[in-house]
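This briefing looks at the fold of one protein chain and at the charged side-chain pairs found in it. Please keep the sequence and the structure in view while reading.

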Amino acid sequence: WLFVVNMIHFSLPAIVFAGILFAFKAAETEQKHTRLLNFLSVFLFLYAFFAYPPVLSTISVAFCGMLFMEYFFEEKKIMEIFSRFRFIIADVFVSGIIFKFFLKILPYMSDGVNPNAYMTQSVGFLSFFKGFLPCLKSVFMQLIATQPFLDFSYKMMWLAAIVLSLITLICSFIKRKTGKTRILCSIFLFLSALCASQASVFISLDKGIMFFSRIAMFGLLFFYVFSYSVLIKQKNMVFKNIAFVLFILISAGNISRDANAQKIWKLGFDAEKDNILKISHAIESHPGFDPAKEYIFAAFGKQHSFR
C-alpha cells in the first residue's frame with residue numbers, strides 16, 4: 001500500500017506534465033510528428049486516469065496556470081493562446097472518453113474493477129449544477145480548512161503566498177496601466193486555476209471527497225505552486241524578498257509534514273502487518289487447516305472480501 005501511495009504521488013504528476021508537454025509540442029511541430037505526439041499525450045493521460053482519476057485536478061491546474069502565464073506575463077491574445085493549447089484540450093478530452101468507455105465495460109470483464117468508487121463515479125449534467133454551489137464553496141474553504149498532513153499553520157503560510165501574489169498582480173495592473181478587459185481576464189484565469197484544483201470534486205458523484213487530503217495533493221498543492229510562481233515572476237525586489245522568506249518557511253514545513261506522514265504510514269503499516277500475521281497464525285494453527293485450499297477472509301463494512 002505504501003509503495004502504491006508513493007508511486008502515485010510522485011510519478012503521476014510527472015506523467016501528466018509529460019503528456020501536457022507532448023500535446024503542447026504537437027501544436028508547434030510539423031504535421032508528420034503531430035500524430036505521434038498526440039498519441040503519446042493521450043496514452044500518458046489515459047495511464048494517469050487509470051492509475052488515479054483525481055489527477056484530473058493536476059491537469060486542470062496546470063492548464064489554467066499555463067493560460068494565465070501566457071496571457072498575463074507574455075501578454076498574448078486569448079485566441080492565440082488557445083490555438084497553441086488546442087491539442088492539450090483535445091487530448092485530455094479523448095483520453096477522458098476512452099477512460100469512461102473502459103469503466104463501462106471492464107466490470108463485465110473483471111471482478112477487480114469497482115465502478116462505484118468515489119474516484120470513478122461521475123455526475124450527470126443536471127447533478128453537476130445541483131452540486132455546483134457546495135463545490136464552489138469548497139474551492140475557497142479548502143484554503144483554510146485543516147486536512148490530514150495539511151494543518152492550519154501550513155495552510156496560513158500558503159494563504160499568505162496566495163494573497164501576496166494577488167497583491168503583486170494588482171500592483172502590476174497599476175504600474176502597466178493595464179486595460180480593464182485584460183485585468184478582468186487575468187483575475188478570472190487566476191481564480192480559474194483555484195477552481196481547477198477541485199476539478200475532481202466538481203465532476204464526482206461523491207461530494208464527501210471535498211476535503212480529502214488525497215484529493216488536495218493532486219489539486220490544491222499544485223495551485224500553491226502556481227500562485228508562488230506568479231509571485232516570484234514579479235520584478236519588484238520587495239516581493240521577491242518576501243517570497244524568499246516564505247520559501248524558507250514553507251520548505252521547513254514541507255519537510256516536517258513529510259516526515260510526519262511517513263511516520264504515521266509506517267505505524268499503520270506495522271499495525272496492519274501485525275494483524276495479518278496474527279490472523280494467518282490462528283488459521284494455520286487450526287486443526288482443520290488445509291494448505292492446499294483457498295480461504296476467504298470476510299471483511300465487514302465497506303471493504304470487499306479478499307482472498
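Which side chain meets D270 in a salt bridge? The partner is K266, and the N to O distance in this predicted model is 2.8 Å. The points below set that pair beside the other salt bridges, after a short account of the chain as a whole.

**Overall architecture**

- The protein chain contains 13 helices and 0 strands, and its pattern along the sequence accordingly reads α-α-α-α-α-α-α-α-α-α-α-α-α.
- Of the contacts in the protein chain with a separation of 6 or more, 73% are made by residues that lie 24 or more positions apart.

**Burial and surface**

- The protein chain has 307 residues, and 39% of them count as buried.
- Its accessible surface comes to about 18400 Å², and carbon and sulfur atoms contribute 70% of that area.

**A pair within one helix**

- Side chains of opposite charge can pair when their charged atoms come close.
- D270 and K266 are separated by about one helical turn, because they stand 4 residues apart in helix α13.
- D270 has a relative accessibility of 33% and therefore counts as partly exposed, and K266, at 44% relative accessibility, is likewise classed as partly exposed.

**A pair between distant parts of the chain**

- D151 and R257 also meet through their side chains in a salt bridge, with an N to O distance of 2.9 Å.
- This pair links distant parts of the chain, since D151 sits in the loop between α7 (132-141) and α8 (152-176), whereas R257 belongs to helix α13 (residues 237-284), 106 residues apart.
- The two ends fall into separate burial classes: D151 is partly exposed because its relative accessibility is 29%, while R257, at 14%, lies under the 20% limit and so counts as buried.

**A buried pair and its network**

- The side chains of K76 and E70 form a salt bridge with an N to O distance of 3.1 Å, and both K76 and E70 are buried.
- This pair does not stand alone, for E70, K76 and R84 are linked in a network of salt bridges.

**Tally**

- The count of salt bridges comes to 5, and among them are the pair of D270 with K266, the pair of D151 with R257 and the pair of K76 with E70.

Key
Residues are numbered from 1 along each chain as its sequence is written. This is a predicted model: local features need pLDDT of at least 70, side-chain atom pairs count only at pLDDT 80 or more; totals for chains, interfaces and linings use all residues. Side-chain values use heavy atoms; hydrogens and water are left out. Helices (H or I, at least four residues) and strands (E, at least two) are DSSP runs, numbered from the N terminus. Buried means under 20% relative accessible area, exposed over 50%, partly exposed in between (1.4 Å probe, protein chains only). Contact means heavy atoms within 4.5 Å. Accessible areas come from the Shrake-Rupley method with a 1.4 Å probe; for residues, only the protein chains shown count as cover. A salt bridge is a side-chain nitrogen of Lys or Arg within 4 Å of a carboxyl oxygen of Asp or Glu.
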